[in-house]
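User: I am new to this structure. Please take me through some of its residues and ligands, one question at a time.

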Amino acid sequence: MKILSGVQSSGRLHLGNYFGAIRQFVQLQEKGDAFYFIANLHSLTSVQDPKLLREYTLEAAVAYLALGLDPDRATLFRQSDVPEHSELFWILGSQIPLSHLERAHSYKDKIQKGLKPNFGLFSYPVLMAADILLYAADLVPVGKDQRQHVEFARDWAISFNQLYCPGYDPADPNGEKNGKPGIFRVPDALIQPEMATLLGVDGQKMSKSYNNTIDLFAPDKVIQKAIMGIKTDSAGIADPKPTEGSAVYCLLKALAPVEEMAKWTESFERGGEGYGVYKKRLLELFHETFDPARARREELLKDPGEVERILAKGAAKAREVASAQMDTVKRAVGLK
Ligand code: ADP
Ligand code: TRP
């Protein structure tokens, strides 16, 4: 089974990103042939500072490696190192009705959030479909917000196959019954299981836009300040404490082993321990969970040459797959 996903980064990753996304990506590398790329061509639509774009790309690669992505198991590469992505983008784009792109939710959302509407942003789903279809991915793990993009990739794969592959049957999209699979494999989205939204230090959803995050790779002092400063109510030590809407409880639940958590739940419900006790344990759990990754990240940052080698090796492997697929596509459409 082939698994593929693109990873974006804006530099700072937080606990919400880990539990909501990164952890599942890393786990999936055990389940099949995984291809993960840093979607730097996509980032270009919003990051127009070259130094920053380079930094974010490296930061994302380092973060994934530090958090458990194994380059001997999964293929990790930079999107821009495989020019076939841009090439297929154009070929697909020449078939896609404009009306599909006009319906894209994520484009509308981004414009509403104040992003300048450039052509790259508008055509983003086409590049994303090219990313997926080049590798004949079976499964595309993404967040809920990306579901429509994967559905576009499915629709466009089917209509391309119909146009260029004689005998292709859209009712049998991968040719399992009639042995005519078409050029593009029709992928399935794997929507990340709904992780209960992790709360930030102010009790709202943890998000970098709310400035309430606990970052995975911030210095110890910053982590300590963030965790010890989590907003709590004024319940006294002896009082029972609410679990619903409590950031301290929510974060403990994400980090503590199940048996230990049962003890904390009881303690919240019964009362008798102050928030300071919980926060202290939370800080310990943060370090127990992430110190190995934090240390690996420091090592990797000291040796950017090694990260570069991993990315280059990944790109070479990805290009083998992508260029064979492009050759088939070019023959099919008459470019060869
Ligand atoms: P942010 O809100 O900080 O900008 P992103 O939108 O970049 O985060 O999130 C990337 C992925 O991280 C999302 O698809 C989602 O799966 C996960 N994620 C982000 N914040 C949370 C959260 N508070 N709880 C659970 N998952 C989250
Ligand atoms: N658009 C995705 C996101 O914002 C990233 C991405 C780019 C992607 N290309 C992809 C994800 C291909 C899955 C498959 O998260």
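User: Is V186 buried or exposed?
Analyst: This is a predicted model, and the value here is computed from it. V186 has a relative accessible area of 3%. Buried means under 20%, so V186 is buried.

User: Where does V186 lie, and which residues does V186 touch?
Analyst: V186 is in a loop, between α8 (147–164) and β5 (188–191). Leaving out residues up to four places away in sequence, V186 touches R154, A157, I158, Y168, P173 and N174.

User: What distance separates the C-alpha atoms of V186 and G16?
Analyst: Along the chain, V186 and G16 are 170 residues apart. In space, their C-alpha atoms are separated by 30 Å.

User: Which residues surround ligand 1?
Analyst: By class, the shell has three nonpolar, six polar and two charged residues. The residues around ligand 1 are H14, G16, N17, G20, A21, T197, L198, K205, M206, S207 and K208.

User: What distances separate ligand 1 from polar backbone atoms of G20, M206 and K208?
Analyst: For G20, an oxygen atom of ligand 1 is the partner, at 3.2 Å. For M206, a nitrogen atom of ligand 1 is the partner, at 2.9 Å. For K208, an oxygen atom of ligand 1 is again the partner, at 2.8 Å.

User: What percentage of the accessible area of ligand 1 does the protein cover?
Analyst: On its own, ligand 1 has 540 Å² of accessible area. Of that, the protein covers 71%.

User: How many residues surround ligand 2?
Analyst: The closest are G6, Q8, Y124, D131 and Q146. By class, the shell has eight nonpolar, five polar and one charged residues. The count around ligand 2 is 14 residues.

User: Which element supplies the largest share of the shell around ligand 2?
Analyst: β1 (2–7), α7 (119–133) and β4 (139–142) each supply at least two residues. The largest share is four residues, and these come from α7.

User: What distances separate ligand 2 from polar side-chain atoms of Q8, Y124 and D131?
Analyst: An oxygen atom of ligand 2 is 3.2 Å from an N or O atom in the side chain of Q8. For Y124, the ligand 2 partner is a nitrogen atom, and the distance is 2.7 Å. For D131, a nitrogen atom of ligand 2 is the partner, at 2.7 Å.

User: What percentage of ligand 2 does the protein bury?
Analyst: Taken alone, ligand 2 exposes 370 Å². The protein buries 89% of that.

User: Which residues of strand β3 point one way, and which the other way?
Analyst: Strand β3 covers residues 75–78, and these residues are all buried. T75 and F77 point one way, and the other way point L76 and R78.

User: What is the bridge partner of F37 in β3?
Analyst: Strand β2 (residues 33–38) runs parallel to β3, and four bridges join them. In β3, the bridge partner of F37 is F77.

User: Is R297 buried or exposed?
Analyst: R297 is in helix α12 (residues 275–302). Its relative accessibility is 11%. The cut-off is under 20%, so R297 counts as buried.

User: Which side chain makes a polar contact with the side chain of R297?
Analyst: Not counting residues up to four places away in sequence, R297 touches E59, V62, A66 and F217. The polar contact of the R297 side chain, at 3.1 Å, is with the side chain of E59.

Note on methods
Residues numbered from 1 in each chain as written. Chains lettered and ligands numbered in written order. Predicted model: local features only at pLDDT ≥ 70, side-chain atom pairs only at ≥ 80, totals over all residues. Heavy atoms only, no water. Near = heavy atom within 4 Å. Polar contact = N/O pair within 3.5 Å; in protein donor to acceptor, adjacent residues only side chain to side chain. Areas by Shrake-Rupley, 256 points an atom, 1.4 Å probe, with all protein chains shown as cover. Nonpolar A, V, L, I, M, F, W, Y, C, P; charged D, E, K, R; others polar. Buried < 20%, exposed > 50% of the residue type's maximum accessible area, 1.4 Å probe, protein only. Pairing = 2+ DSSP bridges. Contact = heavy atoms within 4.5 Å.
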